[in-house]
Amino acid sequence: MITNQTKIRVRYGETDQMGYVYYGNYAQFFEVGRVEWLRALGASYKSLEESGIMLPVIELNIKYMKPARYDDLLTITTILTKKPLVKIEFDFEVRNEKNELLTTGYTSLVFMDMKKNKPMKAPSYLLEQIYAQFN
């Protein structure tokens with residue numbers, strides 16, 4: 001398991017008329033978590049794309065327990081629970097400053113060859129970095 005935590009401050013425009021974070025914004029929070037998870041590993045979405053690899057989301061699941069509100073400082077915990085090959089899967093936890101669990105989520109992404117537009121095995125340099133840290 002490899003985890004990373006990212007802090008996000010809720011902006012006014014991310015809330016709905018009730019003052020809660022609009023439900024669709026959690027997918028973006030998860031994206032920020034994944035990008036920062038990769039960056040902490042020493043890779044980046046940008047470098048993957050520059051090498052001809054994209055990572056489209058093929059599955060998303062979100063469970064809402066409590067609302068986040070404007071100006072809350074959220075901690076997005078991104079967790080890789082199993083070793084990737086062609087797919088990479090993440091679990092997420094969103095907590096507020098009181099450490100209350102607000103939301104959980106899951107995404108599955110597939111490594112895609114941008115030229116062939118076909119799934120492919122994760123690049124070996126990324127697998128080596130992941131496998132070296134996997135508990």
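Student: Which residue lies over the face of tyrosine 131?

Tutor: First, a heads-up: this is a predicted model, where local features need pLDDT of at least 70 and side-chain atom pairs count only at pLDDT 80 or more, while totals for chains, interfaces and linings use all residues. Residues are numbered from 1 along each chain as its sequence is written, and side-chain values use heavy atoms, leaving out hydrogens and water. A charge sits over a ring if NZ of Lys or CZ of Arg is within 6 Å of the ring centre and within 35 degrees of the ring normal. Here, at 4.8 Å from the ring centre of tyrosine 131, we find lysine 83.

Student: How many aromatic pairs does a search of the whole structure find?

Tutor: Rings of Phe, Tyr and Trp (its six-membered ring) pair if their centres lie within 6.5 Å; planes under 30 degrees apart count as stacked, over 60 as edge-to-face and the rest as tilted. With that rule, the whole-structure search gives a count of seven.

Student: Are the rings of tyrosine 12 and tyrosine 70 stacked or edge-to-face?

Tutor: Their centres are 5.6 Å apart. Their planes meet at 85 degrees, so the pair is edge-to-face.

Student: And how far apart in sequence are phenylalanine 30 and phenylalanine 92?

Tutor: These two rings are stacked, at 4.3 Å centre to centre with 5 degrees between the planes. Both residues are buried (under 20% relative accessible area; exposed is over 50%, partly exposed in between, using a 1.4 Å probe and protein chains only). Helices (H or I, at least four residues) and strands (E, at least two) are DSSP runs, numbered from the N terminus. Phenylalanine 30 sits in helix H1 and phenylalanine 92 in strand E5, a separation of 62 residues.

Student: Which element gives the most to the largest nonpolar core?

Tutor: A nonpolar core is a set of buried Ala, Val, Leu, Ile, Met, Phe, Trp, Tyr and Cys residues joined through side-chain atoms within 4.5 Å. The largest one has 31 residues, with Trp37 and Leu38 among those with the most contacts inside it. With six residues, the top contributor is H1.

Student: Why is E6 largely enclosed by the rest of the structure, and over how many bridges does E6 pair with E5?

Tutor: Eight of the ten residues of E6 are buried, so this strand is largely enclosed. Two strands pair if DSSP finds at least two bridges between them. E3 pairs with E6 in the antiparallel sense over seven bridges. For E5 and E6, also antiparallel, the number of bridges is nine.
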